[in-house]
Amino acid sequence: KTKILQNYLISVRKKIESKKRYPISARNSGIEGKTEVKLTILKDGQLDKVELIKSSGSEILDNSALESIQSATPFPPIPAILEKEKIEVSISLVFSMEKLQ
């Protein structure tokens, strides 16, 4: 079950990363940061709630992180074998000029 849960969380993270956009205004200003968010995913893959747990220090980046999560929904349904109604997961989204190279 642990492996199934890990694989599920990896798929959620990949989907969010694929939707992440580094705002041009932040890039042009050289603004970088790491935003930490906590999200709750329901059994059917719908997003129950998302909250900012640690700001990057930039409202632009924080908003972009939240938008990334919203646009990545719905997530894959939680595998039935895990017997969970919902899963809470905390992730960090990093906005770095280095990663753009």
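Start with one helix: on the side of α1 away from its buried residues, Thr 2, Lys 3 and Lys 14 are exposed. Here, exposed means over 50% relative accessible area, buried means under 20%, and partly exposed is in between, using a 1.4 Å probe and protein chains only. Helices (H or I, at least four residues) and strands (E, at least two) are DSSP runs, numbered from the N terminus.

Before going on, keep in mind that this is a predicted model, where local features need pLDDT of at least 70, side-chain atom pairs count only at pLDDT 80 or more, and totals for chains, interfaces and linings use all residues. Residues are numbered from 1 along each chain as its sequence is written, and side-chain values use heavy atoms, with hydrogens and water left out.

**Two helices**

Now for the other side of α1: Tyr 8, Val 12 and Ile 16 are buried there. They cover an arc of only 75° around the axis, so they sit on the same side of α1. (The arc is that of the directions from the helix axis to the C-beta atoms.) Why does that kind of spacing work? An α-helix has 3.6 residues a turn, so residues three or four places apart point the same way. The buried residues of α1 pack against β1 (33-42), α3 and β3 (86-95).

Helix α3 has a buried list too: Leu 61, Asp 62, Ser 64, Ala 65, Ser 68, Ile 69 and Ala 72. Looking down the axis of α3, you'd find these within an arc of 165°, so they line one face of the helix. Glu 59 and Glu 67 are exposed on the face turned away from that buried side. The partners that the buried residues of α3 pack against are α1, α2 (24-28), β1, β2 (47-54) and β3.

Here are the lengths, with the expected span being 1.5 Å times one less than the number of residues.

| Helix | Number of residues | End-to-end C-alpha span | Expected span |
|---|---|---|---|
| α1 (residues 2-19) | 18 residues | 26 Å | 26 Å |
| α3 | 14 residues | 20 Å | 20 Å |

How do α1 and α3 meet? Their axes come within 8 Å and cross at roughly 115°. (Axes are lines fitted to C-alpha atoms, for helices over the stretch in contact, and angles run from 0 to 180 degrees between N-to-C directions.) Lys 15, Ile 16 and Lys 19 of α1 make the contact with Ser 68, Ile 69, Ser 71 and Ala 72 of α3. Contact, by the way, means heavy atoms within 4.5 Å.

**Residues to look up**

Ser 64 belongs to helix α3 (residues 59-72). Its relative accessible area is 6%, so Ser 64 is buried. Apart from neighbours within four places in sequence, Ser 64 touches Arg 21, Pro 23 and Phe 95.

Leu 39 is part of strand β1. Is Leu 39 buried or exposed? With 0% relative accessibility, Leu 39 counts as buried. Setting aside neighbours within four places in sequence, the contacts of Leu 39 include Ile 16, Ile 69 and Phe 75. Leu 39 and Lys 15 are 24 residues apart in sequence, and their C-alpha atoms are 14 Å apart in space.

Finally, visit the loop between α3 and β3, where you'll find Pro 74. The peptide bond from Thr 73 to Pro 74 is cis, with omega near 0°. Glu 83 lies in the loop between α3 and β3 as well. Although Glu 83 is not a glycine, its phi is positive, at about 50°. Glu 83 counts as exposed, at 67% relative accessibility.

Key
The arc is that of the directions from the helix axis to the C-beta atoms.
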